[in-house]
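Here is an informal walk through one structure, to be read with the model open beside it. Keep the viewer handy and follow along heading by heading.

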Amino acid sequence: MDVAQNAVKAGAKNIKIEIEETDEWFSFVVEDDGPGIENPERVFDPFFTTRDPRLRKVGLGLPFLKQAAEQTGGFVKLHTERGKGTKVEARFNLKSVDCQPVGDVAGALASLILSDPDVNWYIIRKKNGDGYEINTIELREKGLWDPESPSFAVFLFETLESLERELKGGENNE
């Protein structure tokens, strides 16, 4: 979620998120059309940030992500090009004792989609070969996009929760 929020804060207007999960691995890719990252060679250095220190004083997001993935036997890769965008790939070994639980995918995705109504979100979610896609451009074209409406937010959360339950084989993790 933090990687996608950083893309929004950087000014990206199109963000693609691919989340794939198997019995062994959890991986995600966040790709955006933002301005690219300044000093990409330093983004994994703890406490390095290009943001105004009055707004962001820490700079630990990507270093923590990299450490967490690598502790499980996974990885984080960064591809960025100034003026064209950034792609962050992360992979976690779910069988590792050091792997944190996946968490609330439905809630995170719904929050991201609703966080900025002007961003075009394209989300692909797969688990063991099954999955779903969300494309906010298509939602707009079909007249289903109303991020200002509380009923739309409820609909989005409930739909994503239902899709996630289906991916988990009907499990209810409440």
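## A buried charge and its partner

E164 is buried, with a relative accessible area of just 5%. This is a predicted model, so treat every value below as computed from predicted coordinates. What does E164 form a salt bridge with? The partner is R125, and the closest N and O atoms of the two are 2.9 Å apart. The pair ties together distant parts of the chain, since E164 sits in helix 5 and R125 in strand 5, 39 residues apart. R125 counts as buried too, at 1% relative accessibility, because the cut-off for buried is under 20%.

The pair doesn't stand alone: salt bridges that share partners join E21, R125, K127 and E164 into one network. In general, side chains of opposite charge can pair when their charged atoms come close.

## The sheet

Now for the strands. There is an open sheet of 6 strands, with the order 3-4-2-1-5-6 and mixed pairing. Strand 3 (75-81) and strand 6 (130-135) are at the edges; each has a single partner strand, so one side of each is left without a neighbour in the sheet. From one strand to the next, the twist averages 5 degrees.

Strand 5 (residues 120-127) and strand 6 run antiparallel and are joined by 6 bridges. If you want a spot to zoom in on, I123 is opposite I134 of strand 6. Helix 5 (residues 150-167) packs on the sheet here, touching both strand 5 and strand 6, and its direction makes about 160 degrees with that of strand 6.

## Strand 1 and its two partners

Strand 1 (residues 14-21) has two faces to look at: a covered one made of I15, I17, I19 and E21, and an uncovered one made of N14, K16, E18 and E20. E21 of the covered face is also a member of the salt-bridge network with R125, K127 and E164.

How do strand 1 and strand 5 run, parallel or antiparallel? They run parallel, joined by 8 bridges, and I15 has W121 as its bridge partner in strand 5. With strand 2 the sense is antiparallel, over 7 bridges. K16 is opposite E31 of strand 2, and a hairpin takes the chain from strand 1 to strand 2 through 3 residues.

## F28 in strand 2

F28 belongs to strand 2 (residues 25-32). It is buried, with a relative accessible area of 15%. Once its neighbours within four places in sequence are set aside, F28 is in contact with V3, E18, I19, L65, V88, E89, A90 and F92. Of these, A90 is worth a click: F28 and A90 are 62 residues apart in sequence, yet their C-alpha atoms are 5.5 Å apart in space.

## Helix 3 against helix 5

Helix 5 has another partner in helix 3 (residues 105-115): the two pack at an angle of about 145 degrees, with their axes 8 Å apart. Helix 3 passes helix 5 in a right-handed crossing. On the helix 3 side the contact is made by V105, A106, G107, L109, A110, S111, I113 and L114, and on the helix 5 side by F152, A153, L156, F157, L160, E161 and E164.

Sorted by class, this contact has 11 nonpolar, 2 polar and 2 charged residues. E164 turns up here again, as well as in the salt bridge with R125.

## Other salt bridges

How many salt bridges does a search of the whole structure find? It finds 6. One of them joins the side chains of E18 and K16, at 3.5 Å from N to O. E18 is partly exposed at 30% relative accessibility, and K16 is partly exposed at 29%.

E81 and K84 also meet in a salt bridge through their side chains, at 3.8 Å from N to O. E81 counts as partly exposed, at 44% relative accessibility, whereas K84 counts as exposed, at 57%, because the exposed class starts over 50%.

## A positive phi at N128

Last stop: N128 is found in the loop between strand 5 and strand 6. Most residues other than glycine have a negative phi. N128 is not a glycine, but its phi is positive, at about 50 degrees. At 44% relative accessibility, N128 counts as partly exposed.

Note on methods
Residues numbered from 1 in each chain as written. Predicted model: local features only at pLDDT ≥ 70, side-chain atom pairs only at ≥ 80, totals over all residues. Heavy atoms only, no water. Pairing = 2+ DSSP bridges. Helix = DSSP H or I, 4+ residues; strand = E, 2+ residues; numbered from the N terminus. Axes fitted to C-alpha atoms, helices over the stretch in contact; angles between N-to-C directions. Contact = heavy atoms within 4.5 Å. Left-handed = near helix turned anticlockwise from the far one by under 90°. Nonpolar A, V, L, I, M, F, W, Y, C, P; charged D, E, K, R; others polar. Buried < 20%, exposed > 50% of the residue type's maximum accessible area, 1.4 Å probe, protein only. Salt bridge = Lys/Arg side-chain N within 4 Å of Asp/Glu carboxyl O.
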